[in-house]
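Me: I'd like to learn how to read a protein model feature by feature. Could you walk me through one?

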Amino acid sequence: MKDFEIIRNSSQGSEIGTESSNLKETPEYEFVCPMHEQIVQSFPGRCPICGMNLIKREKSAKFDALSSGFVKARTKSAASNTLTVSKKREYVCPMHPQIRQDRPGDCPICGMELVPESGINEEEDGSALRNLFRKMILSFFLSFPIFSLAMAEMLIPHEVSKITFGAGDWIQFALSSIVYFGPGYFLIQKGVKSFISRKLNMYSLITIGVSAAYYFSLVAIFFPEIFPESARMHGKVGLYFEAAAVILSLVLLGEYLQARAQRRTGDAIQSLLGLSPKTANLVLADGTEREIRIEEIKVGDAIRVKPGEKIPVDGVLEEGKSYVDESMLTGEPIPVEKKESDTVFGATTNQTGTFVFRAKKIGSETALSQIVHMVEQAQRSRAPIQGVADRVAGWFVPFVLFIAFLTFLIWMIYGPEPRLSYAILNSISVLIIACPCALGLATPISVMVGVGIGAKNGILIRNAESLEKAESGSVLFTDKTGTLTEGHPSLTDIFPERHSDRILEIAYSLESKSEHPISRAVVRKALERGVGLTSIREFSSLTGIGVTGKIGERSIFVGKRNGWTSVIPSEELLNKEEEFLQQGKTVIWVGEQNEWAGIIAITDPIKNTTYEAVSILKSLGIRIVMLTGDAKISASKVAAQTGIAEVFAELTPEGKQKIVKENKNGKDVLLVAGDGINDAPALSEADVGIAMGSGTEIAIQSAGITLVKGDLSGIAKAIQLSKATMRNIYTNLFFAFVYNFLGIPIAAGLLYPTFGILLSPMIAGAAMSFSSLSVVINALQLKRVKL
């Protein structure tokens, strides 16, 4: 019997179900379209396909297990307990992330092929690309003789008739039918689906244009007698089989180039996935080693890593020391020294020494897996600017259909003979050149490339909105500890010295239960001095203030002086606090049984990169403000050293959030950088939250951008990346619009009265494909950006 545990990831956070002995319903709801069951989301709204209101339904674990999310299957037996984790594969539209299903297919909104949301399958991806390439080659191979016959018949009709024994029209019909119902038919099907769903897109225009050319020619070749003389040239009704075949071939070329380019945008993920080693050296209880596959590693296993080898999973170093190349995580090429108790990350490369580490995170929990997942999610997210393109595309297709119809009428009424031929050709040209495929590609393809570049440089972007907004960042609110400073504080002083052991014992006993960097400094000093750990009752953490508890019946407190406002400190302690603060140190107060036992001074050195980063950010026109819970004197000292003019000190988490909220004026785009639990509210309040990768999980979850290396210089890089990506998107939109708005009048025949210039449907098809190609090539130029 298998038990199931559903772990569902969503943009709203993580929902973790509980393991049960039977498959039970979960008390969650989702909203689904009654007409299009593939439209499923976690909030009310309208179906993007038919416009109907989504209906609420209860979400079951069984549904989740079959449709989306992660499914953990725990198989229990007398012999062993094993845990197998599998992920159901989902396919999502690159332009409409709300469209997702558990099998390949086409997006019902824009018609684009759905792509795997995660877990890129190189073999499957390559197979689809090869299949599209074969269709394109076959289509061009068949279209060439059709085109040659059509052109030859216009120039030397009698010779062609002799060579083909009068069957030239039928040869065109046969070959174009193979192209239409063969390699090009999936494009026609996409167009038909768009009319059925009443969601017109670029395939709607292609289908109308190509089908009009093909079926007009079909009728002309089988029933030529129904056409008037005005539709004939040299006594024969004009055929447009070559236009239908060549246009389909050119569209297939565009589809192939687009698919190939989108595959290249996934290079960042592919390169990340390829970083993990396939095997590891397991250290057994008797000290011997055994090579195992990486999938066999369990939490708690001891793994030996030799010089030049890649670390298989995340863990803590227990024996030995070395230098490790963490550039795949941080983008920083300088190896990092690792010694006992330091954290090592999977897929990073050991440089010099040999060491043994204890596995702590495996599989999808490793830093690499989390990065890959975040990159995948961000690449499928939508930037706000894409909404502009979507709105334009929404009215653009009906507008083009109207212009094509108007073109047909004008040429039928005012055009030269044969009017019908001119009317059909020019209206088809309008339909083909106006296909808004480049408009749909403009934003998502740049976002995919930009997010991938960020991942390679230690900048993890959670969603496209953060990538877009960072460009306009004008105010940066930054935390001090762990952001401006190293975040590895050391305890330097205990006062009064005569009571130092007791003060340190109280502080150690409370701070051992906390994860704050300052707490770790206290714990390290206590361990160095061999101070004992006393059992604590009624432990309580007051975020941004301190921690309290009881030793026996005696109340104790460690934190800020205002945490025990009713206790008045001595003049001696106040003077010593002032002295420590003037030195730029952080002061922690220790109290016992409603009396101040003493104070602890802690120093946290400023990061070497902070000075240059502040200078770069200022040069970008960004106003920098420090928000910290530390004392005013200590915070001002750090601010003066780093060149930050505005400081708000002694703040609670709510205080930080309040200041950020008060600065929202609709003009400035607010960036907030932090790494702790106390920064999470402010990060959530920001237009763009930026978390340090070395920070707490809640800070990272609250942020739109995470800097793996965890220093201020990464913010400057993130802003530069955002600016480069947005410039690229604007250029793409220009390419998309200029082709359409310049091409449509020419295709309609605007230049014919003055210059006698007409645009054939085939040239229109080539121009349409070239516009998409321009957008793709321009997006790939982003890869040259140096951060």
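Reply: Let's go from the overall picture to single residues. This is a predicted model, where local features need pLDDT of at least 70, side-chain atom pairs count only at pLDDT 80 or more, and totals for chains, interfaces and linings use all residues. Residues are numbered from 1 along each chain as its sequence is written, and side-chain values use heavy atoms, with hydrogens and water left out.

Me: How many helices and strands are there in the protein?

Reply: Helices (H or I, at least four residues) and strands (E, at least two) are DSSP runs, numbered from the N terminus. Here the protein has 25 helices and 34 strands.

Me: And what share of the residues counts as buried?

Reply: Buried means under 20% relative accessible area, exposed over 50%, and partly exposed in between, with a 1.4 Å probe and protein chains only. Of the 787 residues, 51% are buried. Taking contact as heavy atoms within 4.5 Å, 65% of the contacts between residues at least 6 apart in sequence join residues at least 24 apart.

Me: Where does UniProt place the transmembrane regions?

Reply: UniProt positions use the numbering here, feature names are shortened, and annotations may be inferred rather than shown by experiment. The unreviewed UniProt entry lists several such regions, including 170-188 and 729-752. In the model, 170-188 is 84% helix and 0% strand, with its end C-alpha atoms 22 Å apart. For 729-752 the helix share is 88%, strand is again 0%, and the end C-alpha atoms are 34 Å apart.

Me: What span does helix 4 have, and what is expected?

Reply: The expected span is 1.5 Å times one less than the number of residues. Helix 4 (residues 168-181) has 14 residues and reaches 20 Å from its first C-alpha to its last, close to the 20 Å expected. Its buried residues include Phe173, Leu175, Val179 and Tyr180. Asp169 and Gln172 are also among the buried ones.

Me: On to sheets: in what order do the strands of the sheet with strand 17 run?

Reply: Strands of a sheet pair through backbone hydrogen bonds, either parallel or antiparallel. For the assignment, two strands pair if DSSP finds at least two bridges between them. Three strands form an open sheet here in the order 18-17-20, with antiparallel pairing. Strand 18 (336-338) and strand 20 (349-350) are at the edges with a single partner strand each, so one side of each lacks a neighbour in the sheet. Strand 17 (residues 322-325) meets strand 18 over three bridges, and Tyr323 sits opposite Glu337 in strand 18.

Me: Which strands form a hairpin with Gly552 in the turn?

Reply: Strand 26 and strand 27 do, with two residues between them, and Gly552 has a positive phi of about 65 degrees. Strand 26 (residues 546-551) and strand 27 (residues 554-559) are antiparallel over six bridges, and Ile551 has Arg554 as its bridge partner. Strand 27 is also joined to strand 28 by four antiparallel bridges, where Phe557 stands opposite Gly591.

Me: What about backbone oddities?

Reply: Most residues other than glycine have a negative phi, and most peptide bonds are trans. In this model the peptide bond from Phe495 to Pro496 is cis, with omega near 0 degrees, and Pro496 lies in the loop between strand 24 (490-495) and helix 15 (500-511). Gln593 has a positive phi near 50 degrees; this residue is in the loop between strand 28 (586-592) and strand 29 (595-603).

Me: Is Gln593 buried or partly exposed?

Reply: Gln593 is partly exposed, at a relative accessible area of 36%.
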